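Biologist: Could you take me to one small spot in this model and walk me through it slowly? I'd like to see who sits beside whom there, and then how that spot fits with the rest of the chain.

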Amino acid sequence: RQSSTANWPVSLQLTFAGSTLNVQGNLGSAASQLRFGLGTASLAQFGHVLGLDLPDAGVAGMGGLVRLSPGVVRIDELSAQLGRSAMTGALAFNTLGERPRLSGDLQLSRLDLRPFLGQEDEEEAPADLLTLYRSLARARLDLQALNRLDAELTLTVNEWISLPGNIRDASLAVQLDHGKLGIPLKATLEGVPVRGRIAVDA
């Protein structure tokens, strides 16, 4: 008879759809710990294979330490390069409550929002606010996705590209509760401190 706390070592390497996935760690009946590394030539194509709608950020690579326990998935020591965006930090996904909840703390040395807004990565960055408004009007956003989970994320952004002006040292607190999205933010725009809040009700 096996112990209820038995662990099974895992070592896996998969190559498919222009992507390579490496996984090393242990699976357990109560908890599991897996270190992973993923490299892909197309993040959107990789998501399509898995049945996920991932942003078309182009070449991407990420790695981290996944900790699994009943109802909770944590990713620690996260490091990712998604197109022109680069980040480190930690994330957690919890399904134990009334609604699924995503939380985490991410530090981004560079952020390009265009792929996450459904825009082409090759598009020229808007040079002024009018061009930015027109660009956002073409963005393909699924606001109904905001109703599927709650979230509380803290993001710090050293350099925010694809927006007009020189935007640096930004911090955002993404708060999503029952489809209501609030994002208090502060940043330095052309050397001037700026504060604001974005609100969306899906």
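Modeller: Let's begin with a side chain that reaches back to its own neighbourhood: that of Thr-40 comes to 3.1 Å from the backbone oxygen of Ser-42. Before going on, keep in mind that what you're looking at is a predicted model. Thr-40 has a second polar partner too, since its side chain makes a polar contact with the side chain of Ser-19, at 2.6 Å. Where does Thr-40 lie? Thr-40 is part of strand β3. Is Thr-40 buried or exposed? Thr-40 has a relative accessible area of 5%, and anything under 20% counts as buried, so Thr-40 is buried.

Now look at who crowds around that residue. If you skip the neighbours within four places in sequence, Thr-40 is in contact with Gly-18, Ser-19, Phe-46, Gly-58, Val-59 and Ala-60. Ser-19 is a name you've just met, as the polar partner at 2.6 Å. Phe-46 is worth following as well, because it leads us to a helix: Phe-46 is one of the buried residues of α1, which covers residues 43-50.

The buried residues of α1 are Leu-43, Phe-46 and Gly-47. Why do they line one face of the helix? Looking down the axis of α1, you'd find these buried residues within an arc of 100°, so they line one face. There's a simple rule behind this kind of pattern: an α-helix has 3.6 residues a turn, so residues three or four places apart point the same way. What covers the buried residues of α1? The cover includes β1 (7-16), β2 (19-28), β3, β4 (60-69) and β5. After the helix comes Gly-51, whose phi is positive, near 75°.

Let's stay with β3 a moment longer, and pick up a charged residue. Side chains of opposite charge can pair when their charged atoms come close. Arg-35 does this with Glu-77: the two form a salt bridge, and their closest N and O atoms are 3.0 Å apart. Arg-35 lies in β3 (residues 32-40) and Glu-77 in β5 (residues 72-82), so the bridge ties together parts that are 42 residues apart in sequence. Arg-35 has a relative accessibility of 40%, which makes it partly exposed.

Next door to Glu-77 in the numbering is Asp-76, with a salt bridge to Arg-67 whose closest N and O atoms are 2.9 Å apart. Here Asp-76 is buried at 13% relative accessible area, whereas Arg-67 is partly exposed at 34%. Another bridge, between Arg-99 and Asp-150, has its closest N and O atoms 3.0 Å apart. That pair links distant parts of the chain, with Arg-99 in the loop between β6 (85-94) and β7 (101-112) and Asp-150 in strand β8 (residues 150-161), 51 residues apart. Both Arg-99 and Asp-150 are buried. Salt bridges with shared partners also join Arg-67, Arg-74 and Asp-76 into one network. How many salt bridges does the whole structure have? A search finds five.

Back to Phe-46, our link to the nonpolar side of things. What is the biggest group of that kind? The largest nonpolar core has 23 residues, and those with the most contacts inside it are Leu-82, Leu-108, Leu-155, Val-157, Trp-160 and Leu-172. Strands β5, β7, β8, β9 (167-177) and β10 (180-189) each supply at least two residues of this core. Phe-46, however, belongs elsewhere: a second, separate core of seven residues includes Leu-34, Leu-38, Phe-46 and Val-66. Over in the larger core, Val-157 touches Leu-108, Leu-111, Arg-168, Asp-169, Ala-170 and Leu-172, leaving aside neighbours within four places.

Finally, step back to the chain as a whole. There are two helices and 11 strands, and our helix α1 has its place in the pattern β-β-β-α-β-β-β-β-α-β-β-β-β. Of the 202 residues, 33% count as buried, and Thr-40, where we started, is buried as well.

Terms used. Residues are numbered from 1 along each chain as its sequence is written. This is a predicted model: local features need pLDDT of at least 70, side-chain atom pairs count only at pLDDT 80 or more; totals for chains, interfaces and linings use all residues. Side-chain values use heavy atoms; hydrogens and water are left out. A salt bridge is a side-chain nitrogen of Lys or Arg within 4 Å of a carboxyl oxygen of Asp or Glu. Helices (H or I, at least four residues) and strands (E, at least two) are DSSP runs, numbered from the N terminus. Buried means under 20% relative accessible area, exposed over 50%, partly exposed in between (1.4 Å probe, protein chains only). The arc is that of the directions from the helix axis to the C-beta atoms. Contact means heavy atoms within 4.5 Å. A nonpolar core is a set of buried Ala, Val, Leu, Ile, Met, Phe, Trp, Tyr and Cys residues joined through side-chain atoms within 4.5 Å. A polar contact is a pair of N or O atoms within 3.5 Å; within protein, one must be able to donate a hydrogen and the other to accept it, and residues adjacent in sequence count only if both atoms are side-chain atoms.
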